[in-house]
Amino acid sequence: MTSMPTPLLSIQDLFVHFKKGREVVQAVSGVSFDVVQGETLGIVGESGCGKSTTGRAIVQIETPNSGAVVFDGTDLTKLKRSQLRKARTGIQMIFQDPISSLNPRRKINDIVAEPLDIWKSETGEERDSTVRQMLEAVGLDPEITGNRYAREFSGGQCQRISIARALVMRPKLLICDEMVSSLDVSVQAQILNLLEDLKARYGLTVIFIAHDLAVVKNVSDRVAVMYLGRICEVAPSDMLYSNPAHPYTEALLSSALEPDPSAPSARILLSGEPPSPINPPSGCRFRTRCPRAEDRCAREVPELREVGPGHSVACHFPLVRA
Amino acid sequence: MTMASERSENFPIHDENPGPLLKVRDLRTTFTTPRGKLNAVDGVSFDLARGETLGIVGESGSGKTVLSRSIMSLLPRSGLEQSGSIEFEGIEMLSATPDVLRTLWGAKISMVFQDPMTSLNPVVRIGRQITESLRLHTGMDKTEANAMAVSLLTQVGIPSPEQRVRNYPHQLSGGMRQRVMIAIALACSPRLVLADEPTTSLDVTVQAQILDVLAKLQEERHMSVILVSHDLGVVATRTDRIAVMYGGRIVEIAPTDRLFRAMAMPYTKALVASTPRLSQPSHVRLTAIEGRPPDLVHLPKGCAFSPRCSYATDKCHSEVPPLTASRDNASHLFACWNPLPSTPVAITTTPGSSAS
């Protein structure tokens with residue numbers, strides 16, 4: 001983390017807790033990471049690990065309890081409402097369910113143009129040509145799609161429209177939360193390829209949140225693995241997948257199923273399921289399911305520390321030595 | 001265990017009659033919708049052997065779920081038209097009366113659904129949801145059935161089952177609920193279990209556990225299983241045979257190893273190629289299939305995949321290819337006018353170079 005250029009986004013010790021009746025859900029507990037201009041950071045983990053909450057806390061949809069979200073030199077958590085609205089135009093988010101993210105009764109042209117109508121003082125002509133360019137960029141024919149309603153489109157096409165809407169403001173940072181999870185594989189591949197193209201074309205920085213390990217690997221330069229509100233491991237993606245240092249990463253990778261009957265079936269089976277974030281285990285949160293856990297894991301919270309270039313792990317007994 | 005002996009009396013483990021457990025012939029299931037007739041299953045035929053696991057793979061709208069519900073006779077009657085034949089242990093399912101179906105459901109055929117939260121009754125303790133079919137089909141009394149429920153929960157890997165039988169579904173996690181679903185489905189030792197996307201709503205680490213439980217119990221009980229999934233990874237290592245569906249039809253069916261070694265249908269190959277893999281390096285460009293799955297109300301003429309297929313010729317656009325056996329392997333069938341060469345070659349061969 002020392003030799004990197006100034007990050008576009010820097011998350012520092014982020015905590016997001018929700019009240020649920022008398023209990024507190026510790027969704028995100030002390031997450032820190034940087035995202036450098038032009039890179040794609042993948043965040044992967046199982047349901048309830050806090051990956052989506054982290055994404056939403058970056059754009060302040062969820063208000064962090066503490067911690068800083070420094071985007072382009074400004075701490076978003078310190079801004080007033082009106083300042084935040086303005087700053088947020090530089091960050092756009094794409095959600096999982098493309099169909100319910102679009103208003104079914106509005107025309108595609110209007111959906112994509114809305115951010116412009118709010119923020120830019122463009123003439124009608126300029127606005128129309130920007131929308132047309134954007135629709136073309138995501139692979140839709142503006143003549144055919146522009147005047148149709150969102151309800152007329154399939155999931156894959158709706159996701160293209162969502163991407164067009166997100167990019168029309170020319171954001172610096174794009175946060176994709178499970179953006180291909182509800183799509184069929186054949187369509188998923190189209191959208192992933194499109195994302196790579198657009199990232200190159202517009203010089204985007206991307207945070208790609210998903211539960212699918214293979215999808216995350218495909219698009220990411222670096223990957224962070226989360227478990228119960230904390231980051232267990234961060235590494236360049238090829239390194240993380242070939243040399244996992246955290247026992248959880250290793251187990252996660254070995255339980256992924258490959259479309260290949262000859263794939264090695266020697267799997268590390270985790271027993272049980274992730275504990276509740278309402279009452280997480282003391283010390284290392286993974287220790288209740290960890291095959292390597294010892295007494296120390298219950299007492300001390302493992303800090304994220306470097307075990308290789310760009311490779312950090314939060315474990316007292318990592319699988320690789322520094 | 002006195003229970004075991006009683007159970008085997010009620011459910012002889014060894015079937016006397018040989019031959020396939022399930023025979024599906026030219027099954028067509030259509031629904032009348034406001035947009036027109038929807039051909040959800042469009043002429044599907046296959047056999048399922050006793051003890052066999054058949055994987056059915058396809059994208060949304062390929063007809064895989066309607067097919068499994070047709071086999072189970074679980075489809076809503078309104079607007080439904082069916083033809084062809086589904087023969088299960090000599091019983092024609094399509095013409096079976098509700099009374100006959102009730103004796104089969106749970107006892108001989110059962111189903112594990114995708115979403116355990118909505119499939120379990122939220123206001124009934126899980127113990128009773130398991131014993132319900134046991135008492136109905138086997139005439140066990142309450143104590144016997146309760147003991148059986150505890151034993152089933154143990155078998156599906158639920159810790160402290162004596163306490164768990166008194167829980168309601170909301171007190172269990174997603175993985176635990178799916179285990180309960182499996183326990184309910186297997187309670188009466190059915191001959192056939194239809195598992196429709198059984199792990200889709202679960203996390204990867206839990207998914208592996210559930211598939212293992214299902215495989216273990218299947219082996220112990222010599223059941224046949226139809227595993228329906230959109231995920232090639234789920235079926236690749238857990239099945240004896242795989243049927244690939246597209247546009248309501250089976251487009252390729254083969255023993256699992258053979259399918260992955262020598263896929264003949266371009267769609268199967270494209271499906272595999274568009275799936276990102278852990279073994280590939282980052283930023284590999286995926287081979288996407290252009291376009292999208294067909295509209296079942298307006299199926300394209302000829303082969304349903306032809307509008308998206310890079311090998312398609314005029315014939316593909318006009319005539320439906322029949323499901324025929326491969327020349328070198330009678331158990332490998334595919335529906336394609338221009339099949340990929342069946343030589344099990346290395347991945348380095350470019351598809352373009354093999355075009356005749």
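These legends describe close-up views of a predicted model with chains A and B.

Local features need pLDDT of at least 70 and side-chain atom pairs count only at pLDDT 80 or more, while totals for chains, interfaces and linings use all residues. Residues are numbered from 1 along each chain as its sequence is written, chains are lettered from A and ligands numbered from 1 in the order in which they are written, and side-chain values use heavy atoms, with hydrogens and water left out.

**View 1. Chain A as a whole.**
Chain A holds eleven helices and twelve strands. Helices (H or I, at least four residues) and strands (E, at least two) are DSSP runs, numbered from the N terminus. The radius of gyration of chain A is 21 Å, close to the 20 Å from the globule rule for 322 residues, so chain A is as compact as a globular protein of that length. That radius is taken over C-alpha atoms, and the globule rule is 2.2 Å times the number of residues to the power 0.38. The C-alpha trace of chain A spans about 65 × 50 × 45 Å along its principal axes.

**View 2. Chain B as a whole.**
Chain B has 13 helices and twelve strands. Its radius of gyration is 22 Å, close to the 21 Å that the globule rule gives for 356 residues, so chain B is as compact as a globular protein of that length. Along the principal axes, the C-alpha atoms of chain B fill a box of roughly 70 × 50 × 45 Å.

**View 3. The two domains of chain B.**
Domain 1 of chain B covers 2-11 + 21-239, and domain 2 covers 243-278 + 287-341. These bounds come from an automatic or database domain assignment. The C-alpha centres of the two domains lie 28 Å apart. Domain 1 of chain B brings 28 residues to the contact and domain 2 of chain B brings 22 residues. Contact means heavy atoms within 4.5 Å. About 1,900 Å² is buried between these domains, 59% of it from carbon and sulfur atoms. Buried area is the accessible area (1.4 Å probe) that two parts lose on being put together, summed over both.

**View 4. Polar links between the domains of chain B.**
Three salt bridges join domain 1 and domain 2 of chain B. A salt bridge is a side-chain nitrogen of Lys or Arg within 4 Å of a carboxyl oxygen of Asp or Glu. Glu59(B) and Arg308(B) form a salt bridge through their side chains (3.9 Å, N to O). Ten residue pairs are in polar contact between the domains (both at pLDDT 80 or more). A polar contact is a pair of N or O atoms within 3.5 Å; within protein, one must be able to donate a hydrogen and the other to accept it, and residues adjacent in sequence count only if both atoms are side-chain atoms. On the side of domain 1 of chain B that touches domain 2 of chain B, S2(B) gives the most, with ten residues.

**View 5. The interface of chain B and chain A.**
Chain B puts 45 residues into the contact, and chain A puts in 42 residues. The buried area is about 3,700 Å², with 51% from carbon and sulfur atoms. Thr205(B), Leu278(B) and His283(B) lose the most area to chain A on the chain B side, together 20% of what that side buries.

**View 6. Polar links between the chains.**
One salt bridge crosses the interface of chain B and chain A. The side chains of Arg285(B) and Asp197(A) meet in a salt bridge at 3.0 Å, N to O. The interface also has 24 residue pairs in polar contact (both at pLDDT 80 or more). H9(B) supplies the largest share of the side of chain B that touches chain A, eight residues.
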